[in-house]
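Me: Got a minute to go through a model with me? I'll paste it here and then ask away.

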Amino acid sequence: MKPAWALIAALALVVSLGAQAQRGVAPPARETSPDQLKAAIDNLGKFDAPTRTAAARAVRRAPAAQAVPALIEAAASHADGYVRFRALVLLSGFNDPRAREVMSASLDDPNDRLRTVAYAYFEHNKERNMAARLLKLLEKEDGEFVRPALTRALAAYGDDPAVQKELSSLVLRGIDLYRGAVIEALGDYQAVYALAPIMEVARHDGPLQEDAVLAMGKIGDKRALPVLQELQKSAPRVRQPAVAAAICLLGINCGSHQLFVTETVSFSMKTTGFQDLLRASARALGTLAAAGHEDAAATLLDAAIPAREPARSPVALAFGTIALRNTPLAVKLLGTRRDLREAALVLRDAFDMLEEDFEEERFFATVRRTYWQTPEGSPERKVADALIQALEF
């Protein structure tokens, strides 16, 4: 399990939302000495979790004029490879243009963690000619947890014919771990050009069928409907939540299909022996939520908060995915909760399982940016302020 972040580790000590709201102030940047900042960065790699998390919080709250140059230096040359990785992640949260050169250099770094962050950066910060470079890197990238980040980055460049050709072919070849990541990314980026091979995968029972079915729904092309209707008749029970969610995403009888997924989550949480069905139905409901169905997100959170293991983890994981894939929806929902502390604990558990450091840092940066860029007294600013106070980052 990866280290929890500063804002997450502090959750157990958070007081009620009402008391937090009374404070009502987002934490300002705190001037710090060069020695203090260096010590904080050095501590990003400490084994002791409280030390690590306090260090990350100190770096995040340092003025950008101090923090960015120090993080650039640490990401490029620190002796501790894990500190380099964490420095690069934290650097991404400052949204400073100087990060681009460090990220570009990290694409060729032997440190797997740095390459993963760099791929994610160029997924979200597209630039001319990057698709060709990423395709070249694909020829040699074989890191088990790195290659999926690279193929996801490529999916963001789906307007490039060479990318379309390569990713479409990867749907049908390679090991399942990599193929699943490609299919999921193609769905997230609504890659109509890859619909045919994805439908081919969906027609066959196996470990990638659920990925393919959900991707078909996210792509949103109604040419997928006949395949999904056939799967309603023939697919095993554990695939039916994904099929229902996909048909809903195509705009066909969405209310009844979402209700089926919701009821399946409830049933499988309450009934022993249905963990696989719970995982599948929670993922399907999370896919609907990430696509904009706020009531689906609320259902997951309502289910996760009181749940105990083993039922809690699949539902928490689904909610955490919503936070990363549709941050505005998650922030809006969290800000309406009276039980914000408990809701944030669900998010903590999810992020520990997801291990998507760059995406998580984007989530926190979005919350901070929402606070500073929206008018005082606006609902958006109140929501962001409540989250900042509750999560203490």
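What follows is a short chat about the fold, the core, some loops and a disulfide.

Me: Before we start, what am I looking at, and how are residues numbered?

Reply: It's a predicted model, where local features need pLDDT of at least 70, side-chain atom pairs count only at pLDDT 80 or more, and totals for chains, interfaces and linings use all residues. Residues are numbered from 1 along each chain as its sequence is written, and side-chain values use heavy atoms, with hydrogens and water left out.

Me: Cool. How many helices and strands does the protein have?

Reply: There are 24 helices and 0 strands, going by DSSP runs numbered from the N terminus (H or I of at least four residues for helices, E of at least two for strands). With a radius of gyration of 21 Å, close to the 21 Å from the globule rule for 393 residues, the protein is as compact as a globular protein of that length. That radius is taken over C-alpha atoms, and the rule is 2.2 Å times the number of residues to the power 0.38.

Me: And what does the C-alpha trace span along its principal axes?

Reply: About 65 × 50 × 40 Å. Of the 393 residues, 55% count as buried (buried is under 20% relative accessible area, exposed over 50%, partly exposed in between, with a 1.4 Å probe and protein chains only). As for contacts between residues at least 6 apart in sequence, 67% join residues at least 24 apart, a contact being heavy atoms within 4.5 Å.

Me: Which residues have the most contacts inside the largest nonpolar core?

Reply: Y119, L134, I198, M216, L334 and F363, in a core of 129 residues. Such a core is a set of buried Ala, Val, Leu, Ile, Met, Phe, Trp, Tyr and Cys residues joined through side-chain atoms within 4.5 Å.

Me: Take I198. What is it in contact with, leaving aside neighbours within four places in sequence?

Reply: I198 is in contact with V171, L186, A212, A215, M216 and I219.

Me: Switching to backbone oddities. Which peptide bond is cis?

Reply: The one from E309 to P310 is cis, with omega near 10°. P310 sits in the loop between helix 19 (294–304) and helix 20 (312–325).

Me: What about positive phi at Q190 and N253, and where are those two?

Reply: Neither is a glycine: Q190 has a phi of about 50°, and N253 has one of about 45°. You'll find Q190 in the loop between helix 12 (176–188) and helix 13 (195–202). N253 is in the loop between helix 16 (240–249) and helix 17 (254–270).

Me: Are they buried or exposed?

Reply: Q190 counts as exposed because its relative accessibility is 52%. N253 is exposed too, at 55% relative accessible area.

Me: And R239, buried or exposed?

Reply: R239 is buried, with 13% relative accessible area, in the loop between helix 15 (225–234) and helix 16.

Me: Which side chains does its side chain make polar contacts with?

Reply: The R239 side chain makes one with the side chain of D205 at 3.1 Å and one with that of Q209 at 2.8 Å. A polar contact is a pair of N or O atoms within 3.5 Å; within protein, one must be able to donate a hydrogen and the other to accept it, and residues adjacent in sequence count only if both atoms are side-chain atoms.

Me: Last one: which cysteines does the disulfide join?

Reply: C248 and C254, S to S 1.8 Å, where a disulfide is a pair of cysteine sulfur atoms within 2.5 Å. Both C248 and C254 are buried.
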